[in-house]
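Work through the exercises below with the sequence and the model at hand. Try each task before reading its solution.

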Amino acid sequence: MPTLLAVPNVSEGRDGARISALETAFSDGVRLLDRHSDADHDRTVFTLAGSDEALAGALVVGAEAAIEGIDMSAYEGLHPAIGALDVCPIVWLDPDDRDAAEAGAVAVAEGIAALGVPVFLYGELAGGPERRERAYFRNGGLAELWLRMESGELRADHGPDEPHPRAGATLVTARPPLAAFNVELDSGDIEVARAVAAGLRESGGGLPGVRAIGLALAGARGQVSTNVHDPAATPLALVVERVRALAAPLGARPVEAELVGLIPEAGLAGYPQDVPIRGFDPGRHTIERRLEGIEGRPPPATD
C-alpha cells in the first residue's frame, strides 16, 4: 500500500485539552508526523502518514471528534474558515500514488457526509473551474455559506444541502505537497500586510502557485500568510525575496517566518538566513526526513 499524507485543518488553536483529544482521534491507526497550533488563527494542522484506507478511517474518526468538540458559532480566528474540520486534503508524494490519494479523498468525503456535514471537493477533484479554489467557498464566511446553500446557489458534492448546525462544512481534495508558509513583517499595519499579499499572490500577477492574505497578529507585527502550491518550483527563498521587495516601498521588511506542517526539502533551497523560520528543525519539518524508516521503506520521490 502506498504511503500517503493527510493534512486535516481544524478550527481550534487555543484549547490545549481539546486539541489533544483531536490529535488522539485523528491518529487512530496512522502515524502522526506533526501538529501545529496557532492561537491567532485559532487553527490546528495535523500531518498524518499511512495507507489510503488507514488515513480515510482516521480522518472520519477525527471529523466526528471535531463535530462534537468545535462549535463554529464561537469561532473568532483570523484564518478564514467554514468548518470545524475546515480542510482535509490527502497528499500523494509519488505521482504513481495519485489515484490512491484521490480514491481515499472521495472515501473521506463520503464518510464525513455520512456524519451530517456537507463536503465540497476542491482543487483537482472540483466539479467545475470556479470550485477549484478554497476562497470560492469561504468568501463571506460561514454565514454567507448558509445563505448560498439555502438559496440553492451552492450545493455540496456529498452530504446535506445546508451546513451542519455546529460544524459547518468541510473542504476535501487530493494533491501533491504544498508549503503553508507565513512571513511576519516589522509593521503591525494590516494594510501593509494586505498590500504585500495582493502583490505576492498569483491572481494579482505575483508568483505562480502562491495564494496569500494579509493579517494583523496580536502585537506589533503584520503577517503575510501563504500557501505555495509547488514549493520545488517556487521555493520559500523566492517568496521571502518577493515579500521583501513589495514591503520595502511601504516602509516594512520581513523579520521572521513560520512553517505550518512539513515541506519537501527542495522548497528550502537558498533560504535566506536573515528571515529565520521560527522553531524550524529539518529533521522534524521536512517530509523526506520525517518519512525515513516508515515501514522500512525509503522516502518516496517528491519531484
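The exercises that follow go from aromatic rings to a helix, two strands and single residues.

The model is predicted: local features need pLDDT of at least 70, side-chain atom pairs count only at pLDDT 80 or more, and totals for chains, interfaces and linings use all residues. Residues are numbered from 1 along each chain as its sequence is written, and side-chain values use heavy atoms, with hydrogens and water left out.

**Exercise 1. Aromatic rings**

Determine how many aromatic pairs the structure holds, and classify the pair of Phe181 and Tyr271.

Step 1. Rings of Phe, Tyr and Trp (its six-membered ring) pair if their centres lie within 6.5 Å; planes under 30 degrees apart count as stacked, over 60 as edge-to-face and the rest as tilted.

Step 2. There are 4 aromatic pairs in the structure. For Phe181 and Tyr271, the ring centres are 6.3 Å apart and the planes stand at 85°, so this pair is edge-to-face.

Step 3. Phe181 belongs to strand S8 (residues 179-185), while Tyr271 lies in the loop between strand S11 (254-260) and helix H8 (282-285); the pair links distant parts of the chain, 90 residues apart. Helices (H or I, at least four residues) and strands (E, at least two) are DSSP runs, numbered from the N terminus.

Step 4. Both Phe181 and Tyr271 are buried. Buried means under 20% relative accessible area, exposed over 50%, and partly exposed in between (1.4 Å probe, protein chains only).

Step 5. Elsewhere, ring pairs join Phe120, Tyr136 and Phe137 into a cluster.

**Exercise 2. The two sides of helix H5**

Find which residues of helix H5 (residues 141-150) are buried and which are exposed on the other side.

Step 1. The buried residues are Gly141, Leu142, Leu145, Arg148 and Met149. They lie on the same side of H5 because they cover an arc of only 115° around the axis; the arc is that of the directions from the helix axis to the C-beta atoms.

Step 2. Ala143, Leu147 and Glu150 are exposed on the other side.

Step 3. The buried residues of H5 pack against strand S6 (119-121) and helix H4 (134-138). Just after H5 comes Gly152, with a positive phi of about 90°.

**Exercise 3. A hairpin**

In which sense do strand S9 (residues 210-216) and strand S10 (residues 222-228) pair?

Step 1. Two strands pair if DSSP finds at least two bridges between them. S9 and S10 pair over 7 bridges in the antiparallel sense.

Step 2. Leu215 is placed opposite Gln223 in S10. The two strands, S9 and S10, make a hairpin with 5 residues between them, and Gly219 in the turn has a positive phi of about 105°.

**Exercise 4. Two buried polar side chains**

Describe the surroundings of Glu184 and of Thr170.

Step 1. Glu184, in strand S8, is buried at a relative accessible area of 4%.

Step 2. Its side chain makes polar contacts with the side chains of Arg221 (2.7 Å) and Arg278 (2.9 Å). A polar contact is a pair of N or O atoms within 3.5 Å; within protein, one must be able to donate a hydrogen and the other to accept it, and residues adjacent in sequence count only if both atoms are side-chain atoms.

Step 3. Leaving aside neighbours within four places in sequence, the contacts of Glu184 (heavy atoms within 4.5 Å) include Leu217, Gln223 and Val255.

Step 4. Thr170, in strand S7 (residues 170-175), is buried with a relative accessible area of 2%. A polar atom of the Thr170 side chain lies 2.6 Å from the backbone oxygen of Leu85.
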